[in-house]
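Visitor: I am new to this structure and would like to be guided through it. May I put some short questions to you?

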Amino acid sequence: MHRSFEIIGKVMTVAAGIGYALLALGPSLSLFVSVISRKPFLILTLLSSTLVWLVSLIVLSGLWRPFLPLKANVWWPYTLLVLSSVCFQEALRFLFWKLYMRLEDVLDSFADRISRPRLFLTDKLQIALAGGLGHGVAHAVFFCLSLLTPAFAIIALAFVTIHTFSMVIAFEGYAKGNKVDQVIVPVIHLSAGMLTLVNFASEGCVIGVPLLYLVASLTLLHCGKMVWQRLIESRNQSGPTLR
Amino acid sequence: MDRNQQRPRSSILDSLGEELIGILTPVSICMFTVVLLVCLLNSDPSSSSSFSSIATAAYSETDSDSPWDKLLGAFLNSLVFVAAITVATFLLVLLFYLRCVTFLKLYMGFSALVVLANLGGEISILLIDRFRFPIDSLTFSILLFNFSVVGVFAVFMSRFSILITQGYLVVIGVLVAYFFTMLPEWTTWVLLVALALYDLAAVLLPVGPLRLLVEMAISRDEDIPALVYEARPVIRDDSRLVQRRVWREQRSNVNDDDVENNVVRAEEEEEQRSEEISVPLIDSSSSSSRPETFLEGIGLGASGAIKLGLGDFIFYSVLVGRAAMYDLMTVYACYLAIIAGLGVTLMLLSVYQKALPALPVSIMLGVVFYFLARLFLEVFVVQCSSNLVMF
């Protein structure tokens with residue numbers, strides 16, 4: 001029934017399948033349960049960002065369809081593939097941010113109308129986190145869940161982390177106009193994509209995967225540092241509104 | 001001025017969009033259960049028996065036919081099915097017009113019993129067979145009987161616990177949807193598209209049966225006799241928001257295809273009426289400032305009970321279940337498409353404020369995404385991931 005399993009050609013037990021799926025999606029599941037499921041709006045943000053990622057993937061696959069299937073063991077077309085895909089997705093991320101800014105204005109004026117406080121900084125960070133998690137989950141589901149093997153699961157975990165936290169960095173970068181943040185996100189995305197190309201070489205994944213995790217932890221650290229700075233900054237502010 | 005005084009006040013993000021989630025959750029649960037059943041029970045293709053029903057009366061598909069034959073046969077099947085549904089809906093409208101409410105209620109109870117006992121029993125037996133679960137026939141029949149009778153009471157009576165009623169409605173949806181996924185493939189897809197078009201016609205055309213039904217129900221101020229899932233109404237502290245609930249309640253009738261082989265009419269619960277707010281303020285100063293109506297337009301502003309017909313649950317799950325028979329990737333794509341379509345429909349509902357068909361947008365998006373995923377996405381993703389190239 002699942003045609004993709006024919007490609008792998010091995011028998012999957014249910015326990016193994018669940019294990020691999022949780023390997024890729026475990027942290028995002030715990031993030032979901034602890035942070036996102038408490039606020040309905042965040043669930044909606046997650047669903048819409050997943051949809052955006054899916055649409056971007058469909059557009060990309062539509063564009064590349066005439067050129068597929070690529071010849072085996074030739075790696076340079078894949079470079080073009082990754083490059084074009086990352087550029088397209090980063091452009092889409094910027095558009096997503098624009099849409100989010102408009103929604104933020106609407107939410108703020110709605111809050112004023114019903115005399116509730118405007119969006120806190122933590123709210124905005126949470127929305128960005130939900131957006132990033134949506135992208136990450138979409139990546140994991142499409143690239144990993146159909147072909148459940150340990151390799152895919154491990155790589156997917158790294159990518160989920162990268163997507164989740166680079167969205168937070170990107171949103172804050174665009175909002176503040178911080179050039180460093182704005183540039184670092186596409187760079188991270190591109191380098192992560194390129195690193196997977198290393199897997200082409202035989203035994204390449206021994207080098208590729210740890211480097212990928214290095215990139216993922218760099219993203220995590222940068223995001224944590226940025227969020228921490230932002231929170232300290234807003235706490236030290238004397239004004240009543242948090243921005 | 002003091003910042004600390006603002007901290008205890010909750011942000012609007014805490015409760016915005018609760019009603020949407022209240023509808024999305026049961027739809028997702030229904031779809032997930034149907035996908036689970038399809039994965040569990042369809043693992044060996046050799047045992048796929050043909051499911052003969054009214055939907056395959058005109059033509060039963062065999063593997064050896066040419067694509068053109070299959071398409072033609074699927075068209076004939078859908079035509080027969082939609083014609084049967086139209087006739088049944090007009091019959092329902094006639095009965096409602098003649099105020100035969102008791103008959104409709106009894107028929108609804110009888111059909112719920114048939115679905116739960118017959119289809120539920122069949123699926124349970126398949127599951128027991130699959131998992132080699134040790135249970136004897138006496139225990140099984142007692143459990144099934146209890147389960148079905150409680151289900152009939154749950155949809156029949158209005159003073160039942162709302163959680164159990166919602167659970168039983170979802171179970172009925174799952175059971176009927178699973179059996180519809182056993183239709184032949186081409187028939188399923190053409191049938192879904194035909195039903196979406198029928199739904200559009202039946203609700204929006206002036207002679208459409210569902211529109212007549214809704215207008216009659218509104219003019220008599222009665223509830224539409226149908227199996228309808230109602231999301232738990234949200235109770236707020238703000239009195240202004242609370243009064244909006246009445247207003248929204250009366251205009252949120254997302255009606256759609258509710259005629260089925262087995263799904264029947266039922267009286268709407270009185271419970272929601274008794275739970276109404278006790279502060280019926282008529283706020284005439286409902287000025288439509290732009291951001292406010294936009295948020296109401298996307299269904300996030302006002303709090304009210306959104307109602308979705310059980311036919312919607314069933315056909316969404318049929319689409320996703322049929323996608324599950326191909327690959328998990330298509331399942332996810334179709335799920336997102338259906339959710340997006342449902343969101344769009346709810347948005348339109350808040351803007352137009354009358355009964356809207358819930359099937360067309362979601363089914364069209366779902367079908368489009370299924371074929372896009374199957375034709376484009378799968379090749380692309382498999383190409384990339386089989387070489388461990390990801391982005």
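Visitor: What is the chain like over residues 74-98 of chain B?

Guide: In this predicted model, residues 74-98 of chain B are 96% helix and 0% strand. The C-alpha atoms at the two ends lie 36 Å apart.

Visitor: Which annotation covers that stretch?

Guide: The UniProt record, an unreviewed entry, annotates residues 74-98 of chain B as "transmembrane region". The same annotation covers residues 20-43, 110-128, 140-156, 163-183, 189-210, 332-352 and 358-377 of chain B.

Visitor: And what about residues 189-210 of chain B, how much helix is there?

Guide: Residues 189-210 of chain B are 82% helix and 0% strand. Their end C-alpha atoms are 23 Å apart.

Visitor: Let us turn to the two chains together. How many residues does each bring to the contact?

Guide: Chain A brings 74 residues and chain B brings 58 residues. The area buried between chain A and chain B is about 6,300 Å², and carbon and sulfur atoms give 71% of that area.

Visitor: How many salt bridges and polar contacts are there between them?

Guide: The count of salt bridges between chain A and chain B is zero. Four residue pairs are in polar contact between the chains, with both residues at pLDDT 80 or more.

Visitor: Which helices of chain A supply residues to that side?

Guide: At least two residues each come from α1 (3-8), α3 (40-64), α4 (76-113), α5 (121-145), α6 (150-176) and α7 (179-197) of chain A. The most come from α3(A), which gives 16 residues. By type, the side of chain A that touches chain B has 47 nonpolar, 19 polar and eight charged residues.

Visitor: How many salt bridges are there over all chains?

Guide: There are nine salt bridges over all chains. One salt bridge joins the side chains of A:Asp123 and A:Lys39, at 3.7 Å from N to O.

Visitor: Where do those two residues sit?

Guide: A:Asp123 is in helix α5 of chain A, while A:Lys39 is in the loop between α2 (14-36) and α3 of chain A. The two are 84 residues apart, so this pair links distant parts of the chain.

Visitor: Finally, what is the confidence in chain A?

Guide: Chain A has a mean pLDDT of 85, with 92% of its residues at 70 or more.

Visitor: Which elements are lowest and highest?

Guide: Among the elements of chain A, the lowest mean pLDDT is that of α1(A), at 46, and the highest is that of α3(A), at 92. Over residues 4-11 of chain A, pLDDT stays under 50. For those residues the model has 10 contacts beyond four places in sequence.

Definitions and conventions: Residues numbered from 1 in each chain as written. Chains lettered and ligands numbered in written order. Heavy atoms only, no water. Contact = heavy atoms within 4.5 Å. Buried area = accessible area lost by both parts, 1.4 Å probe. Salt bridge = Lys/Arg side-chain N within 4 Å of Asp/Glu carboxyl O. Polar contact = N/O pair within 3.5 Å; in protein donor to acceptor, adjacent residues only side chain to side chain. Helix = DSSP H or I, 4+ residues; strand = E, 2+ residues; numbered from the N terminus. Nonpolar A, V, L, I, M, F, W, Y, C, P; charged D, E, K, R; others polar. UniProt positions renumbered as here; feature names shortened; annotations may be inferred. pLDDT = per-residue confidence, 0-100.
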